[in-house]
Amino acid sequence: MQHIDPHRKYLLRRHLLRWAKEGPAYVPFIGDGDICVGGSKPGALPHERYPMPGLYNDRFIYGADLDPQRVVIARSRIPHGRIRVANCDVYPFADLQTGPIAVADFDAWNEPWPAFRSWFEHAEKAEQVVIFFTDAHRLGIMADGTHIRPDGSKVTIQSLTERRAVYYFYLSKHVWPWFEDYIRPYRVVDKSRYVRGMITYWGAAIRLENGATMARGKLSNFKGKKAAPFKSKGKKRSPGTAKPKSSPKK
Ligand SMILES: C[S@@+](CC[C@H](N)C(=O)[O-])C[C@H]1O[C@@H](n2cnc3c(N)ncnc32)[C@H](O)[C@@H]1O
């Protein structure tokens, strides 16, 4: 099992996936694919069973993990995907024409930022995208003052008072302002978070400003291999493809 409080990961995603349009999901750090297709695997021990329905059952999934064994498991559980053994710090699907990615889920153990930056720079993205992060950088800040910023730069904070300030305002002062600036001309239309111990879990729905075109990432004339189109077999709609209950703008 690679999750603690999996239901909270699920609820965070359910909430923000109201904004997600149709389109493939990019899932680096895919592990066994629990977030994609659900938590309990056949043969799981009692303590490994938990109710986490899959969130990306109805989407084509571009997934990857460093661990080949995880990839074998994920492939067996996710027929509707293309899953590779890869270091996701470098976007591993740059050779494919994926179509606009509508969801990107960076459920890293600790460090989602290199993977996020590489994906954002090189992937084809939808006009509206929902993105999730699992981030353990607060641990380093509190342990010895090591602060690795989302842009990859690193500082050591000497003063305990300053460490506390960065620790307690990590998202609001040290991640979100950077994120909002970095994703331009996208802008954040919704976001949500929770904290568990020193780990921060959060997500955002982002949308291109009216009339803006993508500043970075692949354009539609990209000449790469075309990925196989995904056709959902079931009738069931995942939350990711369901119509939003509130009224996010198109
Ligand atoms: C929290 S688990 C992911 C669980 C998964 N999201 C799920 O739904 O079951 C983190 C995973 O990231 C993988 N990992 C860590 N660093 C990585 C990297 N740089 N590139 C690709 N995978 C990585 C680990 O092997 C591990 O399987």
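I began with the elements around the ligand. In this predicted model, helix 2 (34-37) and strand 2 each give at least two residues to the shell around the ligand.

I then looked up the shell itself. The ligand is surrounded by 20 residues. I noted the closest: Phe29, Gly31, Asp34, Ile35 and Asp107. Sorted by class, the shell holds 9 nonpolar, 4 polar and 7 charged residues.

Next I followed strand 2 away from the ligand. Strand 2 covers residues 61-65 and runs parallel to strand 3, with 5 bridges joining the two. I picked out one pair: Tyr62 has Arg82 in strand 3 as its bridge partner.

Which order do the strands of the sheet take? I read 3-2-1-5-6-10-9, an open sheet of 7 strands with mixed pairing. Strand 3 (81-85) and strand 9 (186-196) are at the edges. Each of these has a single partner strand, so one of its sides has no neighbour in the sheet. From one strand to the next, I found an average twist of 10°. As a general reminder, strands in a sheet pair by backbone hydrogen bonds, in parallel or antiparallel fashion.

Last, I took down values for the whole protein. I counted 7 helices and 11 strands. The protein has 250 residues, and 37% of them count as buried. I also checked contacts with a separation of 6 or more: residues 24 or more positions apart make up 71% of these.

Technical notes: Residues numbered from 1 in each chain as written. Predicted model: local features only at pLDDT ≥ 70, side-chain atom pairs only at ≥ 80, totals over all residues. Pairing = 2+ DSSP bridges. Helix = DSSP H or I, 4+ residues; strand = E, 2+ residues; numbered from the N terminus. Axes fitted to C-alpha atoms, helices over the stretch in contact; angles between N-to-C directions. Buried ≥ 20, exposed ≤ 12 C-beta atoms within 10 Å, placed from the backbone. Contact = placed C-beta atoms within 7 Å. Near = placed C-beta within 6 Å. Nonpolar A, V, L, I, M, F, W, Y, C, P; charged D, E, K, R; others polar.
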